[in-house]
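Q: I have a new structure open and don't know where to start. Can we go through it piece by piece?
A: Fine, let's begin with the empty spaces and then move to the helices and the core.

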Amino acid sequence: MTNAARKPYIAGNWKMNLDRARSLDLIKTIKGRLGDGGDREVAFFAPAIYLADVAAVAQGSPLGIGGQNIWYDSDGAFTGELAPRMLREVGADRVLIGHSERRQVFGEPNEWMGRKVRASLDTDLLPIYCIGETLDERKANRTDRVLKKQLEAGFEQVKTVDAHRLTIAYEPVWAIGTGETATTEQVEAAHRTIRKWMAQRVGEEATGTVRILYGGSVKPTNAKEIMAIDDVDGLLVGGASLQADTFLPIIEYDR
Ligand code: PEP
């Protein structure tokens with residue numbers, strides 16, 4: 001399966017931003033502009049406390065709504081955590097796993113990733129599994145090694161039949177929220193490494209169904225250029241997803 005056969009996927013990660021009223025306004029505006037969603041998939045990853053309201057407003061539209069994190073058990077003594085089934089219950093249909101802020105700021109180890117990915121698949125929450133190297137790792141020429149290690153962890157319990165429900169986001173840590181974007185060559189090389197690794201792990205055919213997104217300071221001014229890079233199937237957008245006037249041109253990158 002080639003790039004063209006994979007539906008472009010534009011995802012907005014609100015992180016710990018916006019408030020309830022502004023979240024709902026943004027959903028209404030984007031929903032009104034989406035059309036039938038036939039030629040691209042658009043989703044927002046909202047703070048968990050707003051998920052139920054945001055999902056209710058998005059209902060009846062093709063807009064996907066997801067959480068930003070989960071724990072992998074379905075219940076138990078895990079103060080402050082959310083089970084995948086809880087996100088499903090309030091209307092979320094997807095989730096981010098292993099975002100670099102979870103890994104870097106909150107110390108989530110690679111060892112949790114396989115169980116989180118498995119738990120999301122088992123609950124019918126479509127995961128975006130985030131991977132990416134730090135600046136030190138890139139400078140030390142360790143990018144490929146780091147990406148493969150993160151892929152090994154995330155795919156620990158992924159079967160070939162699951163692959164099409166999985167999305168990978170390549171997000172170089174040094175490009176997230178910094179205004180710095182990876183070069184075309186850097187993005188191309190990383191996406192090639194990721195797809196090659198997946199082909200060895202789940203086979204060529206299944207790999208062809210997995211979308212690989214790029215994330216890291218995507219803006220209206222660079223979205224089209226990044227989407228034109230070989231093997232980029234979509235974008236994971238932080239800051240620019242917080243306002244309709246910056247997110248709409250990204251969704252509509254080719255119009
Ligand atoms: C992100 O949150 O995953 C992200 C890429 O953020 P930003 O677009 O702000 O760099």
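**Pockets, core and loops**

Q: How much space lies in the largest pocket?
A: About 500 Å³. Keep in mind that this is a predicted model.

Q: Which residues lie nearest its centre?
A: Lys-15, Gln-68, Asn-69, Arg-102 and Phe-106, out of 23 lining residues. By class, that lining divides into 13 nonpolar, six polar and four charged residues.

Q: Where is Lys-15 found?
A: Lys-15 sits in the loop between strand 1 (9–13) and helix 1. Its phi is positive, about 55°, although Lys-15 is not a glycine.

Q: Which other residue has a positive phi although it is not a glycine?
A: Asp-231, with a phi of about 75°. Asp-231 is in the loop between helix 10 (223–227) and strand 8 (234–237).

Q: Is Asp-231 buried or exposed, and why?
A: Asp-231 counts as buried because its relative accessibility is 14%, and the cut-off for buried is under 20%.

Q: Back to pockets. How much space lies in the second largest?
A: About 250 Å³. The second largest pocket has 17 lining residues, and Asn-110, Gly-132, Glu-137, Val-146 and Gln-150 lie nearest its centre.

Q: Which element supplies the largest share of that lining?
A: Helix 7, with four residues. The elements that each supply at least two are helix 4 (100–104), strand 5 and helix 7.

Q: And what is that lining like by class?
A: The lining of the second largest pocket has four nonpolar, seven polar and six charged residues.

Q: What about closed spaces: how many cavities of 30 Å³ or more are there?
A: One. The largest cavity has a volume of about 50 Å³.

Q: Which residues line it?
A: Ile-30, Arg-33, Leu-34, Asp-39, Arg-40, Leu-248, Ile-251, Glu-252 and Arg-255. Helix 1 (20–33) and helix 11 (244–251) are the elements that give two or more residues to this lining. By class, the lining of the largest cavity has four nonpolar, no polar and five charged residues.

Q: New topic. How many residues are in the largest nonpolar core?
A: It has 66, and Ile-30 and Ile-168 have the most contacts inside it. Helix 8 gives the most to this core, six residues. Another core, of ten residues, lies apart from it, with Ala-43, Phe-45, Ile-128 and Leu-236 among them.

Q: What does Ile-168 touch?
A: Leaving out residues up to four places away in sequence, Ile-168 touches Tyr-129, Ile-131, Leu-151, Phe-155, Ile-194, Met-198, Val-210, Arg-211, Ile-212 and Leu-213.

Q: Ile-194 and Met-198 are in helix 8, right? Which residues of that helix are buried?
A: Both are on the list. The buried residues in helix 8 are Val-187, Ala-190, His-191, Thr-193, Ile-194, Arg-195, Trp-197, Met-198, Ala-199 and Val-202.

Q: Why might residues three or four places apart point the same way?
A: An α-helix has 3.6 residues a turn, so residues at that spacing point the same way.

Q: What do the buried residues of helix 8 pack against?
A: They pack against strand 5 (126–131), helix 7 (143–154), strand 6 (167–170), helix 9 (204–207) and strand 7 (211–215).

Q: How far does helix 8 reach?
A: Helix 8 covers residues 184–202, 19 in number, and spans 27 Å from its first C-alpha to its last, close to the expected 27 Å.

Q: What comes just after helix 8?
A: Gly-203, which takes a positive phi of about 95°.

Definitions and conventions. Residues are numbered from 1 along each chain as its sequence is written. This is a predicted model: local features need pLDDT of at least 70, side-chain atom pairs count only at pLDDT 80 or more; totals for chains, interfaces and linings use all residues. Side-chain values use heavy atoms; hydrogens and water are left out. The expected span of a helix is 1.5 Å times one less than its number of residues. Buried means under 20% relative accessible area, exposed over 50%, partly exposed in between (1.4 Å probe, protein chains only). Contact means heavy atoms within 4.5 Å. On a 1 Å grid over the protein atoms alone, a cavity is a set of points where a 1.4 Å probe fits but cannot get out, and a pocket is an open set with protein on both sides within 12 Å along at least five of seven lines; lining residues have an atom within 4 Å of a point. Grid points are joined across faces, edges and corners, and a volume is the space filled by probe spheres set on the points. Ala, Val, Leu, Ile, Met, Phe, Trp, Tyr, Cys and Pro count as nonpolar, Asp, Glu, Lys and Arg as charged, and the others, Gly among them, as polar. A nonpolar core is a set of buried Ala, Val, Leu, Ile, Met, Phe, Trp, Tyr and Cys residues joined through side-chain atoms within 4.5 Å.
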